Amino acid sequence: MKNILTFIILLTLPVLVNSQGEDSTKFERDEMIISEFLPGLYSNYNQVYFNNRSKVPDEERHQRREIEIKEIETNIFSVSDTFINANIFEKSITSEDKQTTHAVIMVEANNIEKAVQIDIYKSDENYTLNRLDKKPACTVMMIRGAEEFYAREHTGQCNGLANISSLSEKHLFTQMNEDSGIKTNIPYKLNQARAFQCYVDIPGVSGGRDLPYKRYEPFYIHDQGGTFEIMTDYEKRNLVFRLVRVDWELNNHIGVFTRDVMVLYAEERTDDGYIINGYTFTEPDITRVGINFKWMLVSCFMESNKFATPFM
């Protein structure tokens, strides 16, 4: 038995010795995590909402902002950075209300600087990569914290770009632009959004009743303040639907902790102004939600029942 154990130990030793020479630096490992975190659609809807609810002075309020990041090649990403200069409670959002800039970012471990280097290049909507051999417009050095990465320093002309302040699995914070006109150093706080598909039935048939109804579909929104609108065929009602995963930054009652929720709003534009017909709320990480007022039903989901795997 002793000889067998000795033989087993000898067999494993070369593997252990060889593996030690293959260790990466921690910054090369961090590079992989950052590249995994980055892709997604981010929105600061919650920040805008709580700016209003907390009565932040107008000159300190952040604009509504959405940033979409997609992987082009390994460690290279496209950035679509959109400011929305309108309020859904006042008007329908159109393309004229959106101001979008584009960039390409490259992620690379910098062992000399002991950080992960993010180089940001100005771009157009084509995201051509022939500029990556030139000097970037902005460079951000990221280092690891407890559950996030944060910027140790920014260099270059970072104004007007999505210059990252901190990054986690569900959040992307960006530095304030000095020329934004907003008098605050609080960064843009963008939460990662999830994509949903929705439909509306009018009337909202239920209980197996065999009644005629009109289905309006498909509508694609996200859960960070995504909206869609319909004009009904018969009554000509302008209905608005909004999906929000609420990331509370205050409590509804003093001394009572308010838990995060997912909310689906059923709203409407009328001659008398903007009204909320009702809303439903549930746990924040659910993948489907709906409302049925009988005269109207709306359903939103990440996976359609057409593709759901049957279960008991």
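This report describes a charged surface patch, two cis peptide bonds and two residues with positive phi in a predicted model.

## Basis of the model

The model is predicted, with local features needing pLDDT of at least 70 and side-chain atom pairs counting only at pLDDT 80 or more, while totals for chains, interfaces and linings use all residues. Residues are numbered from 1 along each chain as its sequence is written, and side-chain values use heavy atoms, leaving out hydrogens and water.

## A negative patch

Glu36, Glu71, Glu147, Glu148 and Glu169 form a negative surface patch (patch residues have over 30% relative accessible area and no salt bridge, and like charges are joined within 9 Å; a salt bridge would put a side-chain nitrogen of Lys or Arg within 4 Å of a carboxyl oxygen of Asp or Glu). One of these residues, Glu169, lies in the loop between strand E8 (164-167) and strand E9 (171-174), strands being DSSP runs of at least two residues, numbered from the N terminus. Glu169 is exposed, with a relative accessible area of 53% (exposed means over 50%, buried under 20% and partly exposed in between, with a 1.4 Å probe and protein chains only).

## Cis peptide bonds

Ile202 and Pro203 are joined by a cis peptide bond with omega of about -5 degrees, and Pro203 sits in the loop between strand E11 (195-202) and strand E12 (214-222). The bond from Glu217 to Pro218 is also cis, with omega near -15 degrees, and Pro218 belongs to strand E12.

## Positive phi values

Asn75, although not a glycine, has a positive phi of about 70 degrees; this residue is in the loop between strand E2 (64-73) and strand E3 (76-84) and counts as buried at 15% relative accessibility.

Tyr127 has a positive phi near 55 degrees and is found in the loop between strand E5 (115-123) and strand E6 (138-144), where Tyr127 counts as buried at 17% relative accessibility.

Terms used
Patches are made of residues with over 30% relative accessible area and no salt bridge: like charges are joined within 9 Å, nonpolar side chains (Val, Leu, Ile, Met, Phe, Trp, Tyr) within 5 Å. Accessible areas come from the Shrake-Rupley method with a 1.4 Å probe; for residues, only the protein chains shown count as cover. Lys and Arg count as positive and Asp and Glu as negative; His and the chain ends are not counted. The place of a charge is taken as NZ of Lys, CZ of Arg, CG of Asp or CD of Glu. Helices (H or I, at least four residues) and strands (E, at least two) are DSSP runs, numbered from the N terminus.
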